[in-house]
Amino acid sequence: MPNTPYAIVIEDDPHLSVIYQTALQQAGFDTALDVNGDLYPSLLDSAEPALVLLDLHLPFALGSDILEIIRARYPKTVVAVITADFIIAKTLAEKADHVLIKPVSIASILKVAAPLKG
Amino acid sequence: MVFEYTPYILPLIAAALITIVIMGYAWLHRSTNGATALAFIAASITLWLLGYALEVAGSNLETKYFWGAAQYIGIASAPYFWMIFGYQYSGRERKSSRTFVLATAVIPIITILLAFTTRWHGLIWNEYYIARQGDFISLGVGHGPWFWVHFAYSYLSLLIGSILLGRLLLRRRQELYRGQAISLLITVLTPWIGNALYLTGNSPIPNLDLTPFAFTITAVALAWAVFGFRLVDISPLAREQVIDSMQDGMVVLNRRGHLVDINPAAERMLGVTALMALGKEAGEIFAPWPHLLERFRGVTEINEEIVVGRGNAQLHYLLRISTLLDPQQQPAGRVLMIHPLGVNPSPGLAPVETPQRVAVSPLPRKASEPIPAPLSPSFWGRLTSFFRVPLKLDLPIPEGANPSWYRTRERIFTVITRLAAVIGSVSILTVIPAMSTVVDPLLPFGIILFLLFVLGLARNIQYEIRIGVFLFLIYGFGFIEALNYGYSVECFIFFMSFVVTSAVMTSRRGAITTLLVAFVTLGTFATLIGSQSFIPLVTKAYNDIPAPATVQAGITSLVVFAAGMSAVVAAITILLENVQTAWQKESQAVNLLQQERDLLDQRVTERTHELQSAEIKYRTLVEQLPVAVYRDEADESGTNSYMSPQIETLLGYPQSEWERDPALWEKLLHPDDRATILETIGETLRQGTAVAEYRLLAQDGRTVWVRDEATLVRDENGKPLYVQGVLEDITARRQADEQLRKLSQVVEQSGSSIVITNVNGIIEYVNPHFTKASGYTFEEAVGQRPNIIKSGRQSLEFYQEMWQTISAGQTWRGVFHNQRKDGTLFWESATITPVHSPDGVLTHYVAIEDDITHEKEMEEALQQAYQNQSVLNSLLNIALENLTLDAMLERALDIILTIPWLPTRPQGGIFLVERQPGILALKAQRNLDGALLTMCALVPFGHCLCGRAAANARIEFADCVDERHENQYEGIQPHGHYNVPILFRDEVLGVLVLYLDVGRVREPREVTFLEAIGNTLADMIRDKQAEEALAQARDQALEASRFKSQLLSRVSHELRTPLGGILGYAELLQTEIFGPLTTAQNDALGNVIESTHYLTGLVNDLLDEAQAEAGALALYPEVFEPTALLNKIETALTVLANKKGLTFNAHIAPEVPEKLYGDVHRLQQIIVNLVGNAVKFTIQGEVCVTLIRPTPAQWAIEVRDTGAGIPSTEQQTIFEPFRQVSNSISRENRGSGLGLAIVKHLIELMGGRIALESEIGQGSVFTVYLPITNAPGV
């Protein structure tokens, strides 16, 4: 499916990752998940993602570092930072394309993802 | 006519030459009175001489007769001209009027006419014949009757002329004129004496007229008169012209005080005539002026101003008296010169007249000047200058000779030699060839002429050599004559000429030498011829009898010659010497006279100049003096008639103003001074003079003080003419006086002591305050030294330094510790200033002293207070340090124990009341005995000194250890105590204990200070205790707050994640990806989602509030557009409002800027919150948001609703967290209760404020005021 957009979800909460992936798949995205913040390099190697949903608090990595890496490697990739910390969210507002504060509604994810399809 | 040479003509021709010279000279000087007559005399004598010479030389009767008659032109006219000369020379010219001259000339003219016609009538000569005596052939005559008439008339004329000259001789004391007269008398009388001898037959040779010989003397005497006495240069008459034309009076008194000369000016001045006055005693002449007579009697030298007459007739003269000296330098009399100075020569205030014009007669040519030779290029001029030889001024003068005489003699000699040379030349060409002589004369004559020319022309040859050659020439004539003829007349004449010429032309020694030479030569010839051993050559040739015939006869002749010539030499020598002396004196006298005149002229010129400059000076003075001069009428009105121009400077009114208004002065009088002025006018009129000082009003309104010095001027009769006076501006002086008076008053009334000493430090003045301050009276202080008030408490060096400063002329400032008379001490601040006189000499010292005892005490007290304060300050400084209470107490104790003036030992401690009330616990100590540390660790109130101090709340003092010191121990040292309670208001916090030496006295000063220390310590302790408690509480509070915030933050974070799960799954379900839903399921999912949203809002609010309280809330301001903000809100909230059936309106006022700077997210939160509330609590109506700009610096958000309103009691509390309007919580409008609190926090964080207006039932208006700020860098 060369025309299917690719999205990576980096989220340590199992429920939320399911919800995000489900929502994105419904929207027509191929999705990949990194739960602990250790898989994303291989995921990024496999294909250029159209969208990355990025949680900041991860067991093995810092969301902000991951954001830097994605920005350096795939400047076109849309990164949406999802966090509960409003203050951190503010600090990343410049670098990230979108900042979503938890709890994140499906609608707001779809709103981010919709322009990236095809 | 036939002539024959005869040696007799030689002296005649020589004399004639001299008289011709004199004639010419006199004629050229005919402007001099008498000179014309003298020229005629000389002419007459010349004719006589030449006539006689030709008569003698005539070889036949006819020739002799003719020349004999021709002589009468001279013979008859000479006495006549003599007489005329006498008249003219003696100044009686008026008597020699034309008529007189003509009348007296009748007889001489008749005589001349008769002489030429005598052969026909014999009235002069009744017979004439050739008379031969030896080789002398002359005309013998018999005298006719007219001859005797002529004879008598001639002698009469001679007599008259001689008498006139003789009178002159007697009258004139001046040697010059006397010399002139004497020489003239000799000139004239000598030939007549000779003539008389001839006529009476007493001539040594019969028929030999002695007149020619006499004429030799005449010629010489005339030459003396002309050249020696300057006969034709200055005559008595010329002198009179000078003296008489003088404006100055001249009176000459002889030694006996008789008046011997007076000039016309003096005649006028003295009111006498010369005739009346001459010969009279001076006392007689000056009788009308006895004071002058008395004043100047016996005065020989004076030069001063005298006043003659009085009143308007007063005349001023300059009188000069000088002594007249005779040739022997003995006083011969006095000369009085009187120079008129005119009327009122001294300048006064009288109207200025034109200066005295003193006539100055032109200066006469100085008589002593040599007559300059006229530089005439004409032949005649050259000829005259050839004979009128100028004086040879560069002639070397032998030492001891009279230069004038020496030069004159050389001049005469030159003239004679030139004349002789010329005449000899003429003779050799004309006369001599006609003569039959034995010897061919040409060669010797040629040699002689050559010699004469050399002698006459070569003036550069030494005079002595020239005269020597000349004398040798004459001697040669004589010698040749003797050689040829032996003793002959010519021989004697030559030798006589030889000696006389020598006597006249050389010195006395020369005369004697020539006399001896002549004597020896003649003697030799006498011996040789008389003894027949030598026969003169010519005599031998003609075989005549040689003369002298015998030695005897020769010796006789020789003796006669010698005696005669000795007499002549002596006479000439004496005459010459006298003449020289006289000449010298006369020259001196003339010079003196001239000097007098010059001096007088100079004096006159000077005086005139002085008068002129005095006049100018006076004018300048009057016009430039800083005073005004005025003249008023001599009456009470004081009407002004003149005012000098300076008045303008004085009062500002120009001179013209005063001329216009004669009563101006009166108008300008200061009203207060009017009485003074009237008195002054009266005084002036009564006493003639008065001085007043009063005020006048100047044009510019100034008051000018003037000094008015008025003088009444009266005429001769004492009638008042006018008042004249001087106005002087003395405003400055008055002010200075006033100033001085004030200063003096200041000194007298000064509150400072003022002492004036002289340079030696002796008091000359003290002011009253000094007497008050020191206790010494003025009389006691003056004459003493200022050390009478010296206390002796200041060092010697201190006083030495002071004296060094002031004696060096510098001002000294310092403080004295002085002692009053009663022994009390006082402090004085002093300034001592040296006073210098205007010429810089140190004369006085002035000391100004102020009592500063009080200040000194104050200063000490202040010093004390300052020290105390600094101790307290250092204590307080410790309190500021971050120390524990115990450390602070120890430091404080150290400071207290080291206060220098407090008599404590370095021993003490501080007790505090701590856990147990009523017990003092030792908290800090220094150097306390070991026993005490346990014994006094805890001291109950009331026990021992410390306990009592605490119990009584009062300082306890002990000077020793006694029964009051209850805590005693083994080895206790005797000491005293100050036990100071540490009191905070009335509460005893503790006690400070200080150790003292035994025997100290309780000092109130110390007690006061210790109380202050106690209080300070109390403050410090209390502060420290409070500070410690506060710090503890704050730390706890901060910890709690931090914990709460962390908790909230964590809780909110932890809540969000599950909330995300709930929301996510609910929404996924709703999308039915997990399968289709029933309606009921769908509704349930809606409720889940709604609850989740609510919970999310609650979590957000909680987090915000927590952050706000923890101070962690941050703003992220940016530039935004209010319009966009409002649109966004409107979109979101319109739906919400419409849901409740409400209207939502949003407006923006035009004044609100298009762009603002702020945290747009938070602003939106604020508005949503407020609008949300409004919608929540409004049932119907509308909710309205308006952006306004209430002030230029603010913008505001106004949220208005039509809800129920908020009760005023709750309006204050609704902004507190978790507060809601009571009873408002319902199902519809539940909330966290944090909204408004967060809003308020945010607004305050933004630097704004929120206001609420509300009434029950009337709705509410929330207004958020925010400052308009710019983005940084904008």
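The expected span of a helix is 1.5 Å times one less than its number of residues. Keep that rule handy as we walk through this structure, which is a predicted model, and try it out on helix H19 of chain B, covering residues 489–505. With 17 residues, H19(B) should span 24 Å, and its end C-alpha atoms turn out to be 23 Å apart, so the two figures agree.

Now look at what surrounds that helix. Of the 17 residues in H19(B), 12 are buried, which means the helix is largely enclosed by the rest of the structure. Among those buried residues are Glu490(B), Cys491(B), Ile493(B), Phe494(B) and Val499(B). Two more of them, Phe495(B) and Phe498(B), also belong to an aromatic cluster, together with Tyr475(B), Phe479(B), Phe525(B) and Phe534(B).

Rings turn up together elsewhere too: counting over all chains, the structure holds 36 aromatic pairs. Take Tyr72(B) and Trp125(B) as one of them: their ring centres are 5.9 Å apart and their planes sit at 75 degrees, and since planes over 60 degrees apart count as edge-to-face, that is what this pair is. The pair ties together distant parts of the chain, with Tyr72(B) in helix H3 (residues 61–89) and Trp125(B) in strand E1 (residues 125–133), 53 residues apart. Both Tyr72(B) and Trp125(B) are buried.

Some rings have a charged neighbour instead. Arg631(B) lies over the face of Tyr722(B), 4.2 Å from the ring centre. Over at Tyr799(B), the charged end of Lys790(B) sits above the ring, 4.3 Å from its centre.

Next, let's see how some helices pack. The axes of H37(B) (residues 1122–1139) and H38(B) (residues 1160–1177) come within 11 Å and cross at roughly 25 degrees. Angles under 35 degrees count as roughly parallel, so that is how H37(B) and H38(B) run relative to each other. Their crossing is right-handed. You can use the opening rule again on H38(B): its 18 residues reach 26 Å from first C-alpha to last, close to the 26 Å expected. Many residues you can pick out along H38(B) are buried, including Leu1163(B), Ile1166(B), Ile1167(B), Leu1170(B) and Val1171(B).

For another pairing, find H32(B) (residues 885–897) and H35(B) (residues 1004–1070), whose axes are 11 Å apart and meet at an angle of about 165 degrees. That angle makes H32(B) roughly antiparallel to H35(B). Here, too, the crossing is right-handed.

How values were computed: Residues are numbered from 1 along each chain as its sequence is written. Chains are lettered from A and ligands numbered from 1 in the order in which they are written. This is a predicted model: local features need pLDDT of at least 70, side-chain atom pairs count only at pLDDT 80 or more; totals for chains, interfaces and linings use all residues. Side-chain values use heavy atoms; hydrogens and water are left out. Rings of Phe, Tyr and Trp (its six-membered ring) pair if their centres lie within 6.5 Å; planes under 30 degrees apart count as stacked, over 60 as edge-to-face and the rest as tilted. Helices (H or I, at least four residues) and strands (E, at least two) are DSSP runs, numbered from the N terminus. Buried means under 20% relative accessible area, exposed over 50%, partly exposed in between (1.4 Å probe, protein chains only). A charge sits over a ring if NZ of Lys or CZ of Arg is within 6 Å of the ring centre and within 35 degrees of the ring normal. Axes are lines fitted to C-alpha atoms, for helices over the stretch in contact, and angles run from 0 to 180 degrees between N-to-C directions. Angles under 35 degrees count as roughly parallel, over 145 as roughly antiparallel, 65 to 115 as roughly perpendicular and the rest as oblique. A crossing is left-handed if the near helix is turned anticlockwise from the far one by less than a right angle, and right-handed if clockwise.
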